[in-house]
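Look at the sequence and the model together. The paragraphs below go through some strand pairings and then two loops.

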Amino acid sequence: DLSVNTPVLEGDKIWVGRGGRAEVEFENGSFTRLSENTIIEFSRLADMNSRDGVEVRLVQGLASFEVQPEPAFTLQTPLFSAQLNDAASFRADVETDGSGRLVVFNGKLEVAGPGSRLFLGNGEVVRFLNQDADRYYLETNYVKDEWDRWVEERQAYLTKITQERFHYGDSGWTTADLYNYGSWYDVPTYGRVWRPASVETD
């Protein structure tokens, strides 16, 4: 079992069980978010100055990625790989038989399959089927689902809290943890003050 803030090392595998979700933050601020019944391997990790870049392997399941420009990032799956050197937002689905789908929300990805190589941009989708691996199928009519909306909400929340300077409390909490329960404002001659959204009375 993994707890919050567990370090992930090169070569580690994470399996998210039924009903679970996981979020992994990379050193450069990139994120991958994993849905239930997902297995992912962190084949290669790297810092921002690395020439080799980061490589992860999605064995099965659903994962969303919010990738920053450096270092380079590679996603491997049973039937296709995706490479990028610039910022991008995308998701990948891999079925138990290896069939997969890649959806690009923002950015540009270079995708390679068993007998093909192509570039995907904003709003484009590609599918690879295990029973017809030498071909790929392009789509442009993708409709976001509940998982995508959760990922967007989570990313927006993290973007908001990183705009603030936070401090760590004695029990491991940070001022960012208070965002769901109130708001911050400036008090002249004093500084930043947190105010709860509501207060119960006896």
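**Strands and loops**

Gln76 has Ser81 as its bridge partner, and Ser81 belongs to strand E7. The model shown here is predicted. Strand E7 covers residues 81–84, and four bridges join E7 to E6 in an antiparallel arrangement. The connection between E6 and E7 is a hairpin of four residues.

Which residue of E10 stands opposite Ser81? That residue is Ala112. Strand E10 spans residues 109–113 and pairs with E7 over three bridges, again in the antiparallel sense. Ser81 can therefore be followed to two partners: Gln76 and Ala112 in E10. In general, side chains in a regular strand alternate between the two faces of the sheet.

Next, go back along the chain to the loop between strand E5 (54–67) and strand E6 (73–76), where Pro71 is found. The peptide bond that joins Glu70 and Pro71 is cis, with omega at about 0 degrees.

A second loop lies between strand E3 (31–34) and strand E4 (38–44), and Asn37 is found there. What is the sign of phi at Asn37? The phi of Asn37 is positive, about 55 degrees, although Asn37 is not a glycine. Both details stand out because most residues other than glycine have a negative phi and most peptide bonds are trans. How exposed is Asn37? Its relative accessible area is 36%, so Asn37 counts as partly exposed, a class that runs between the cut-offs of 20% and 50%.

Methods
Residues are numbered from 1 along each chain as its sequence is written. This is a predicted model: local features need pLDDT of at least 70, side-chain atom pairs count only at pLDDT 80 or more; totals for chains, interfaces and linings use all residues. Side-chain values use heavy atoms; hydrogens and water are left out. Helices (H or I, at least four residues) and strands (E, at least two) are DSSP runs, numbered from the N terminus. Buried means under 20% relative accessible area, exposed over 50%, partly exposed in between (1.4 Å probe, protein chains only). Two strands pair if DSSP finds at least two bridges between them.
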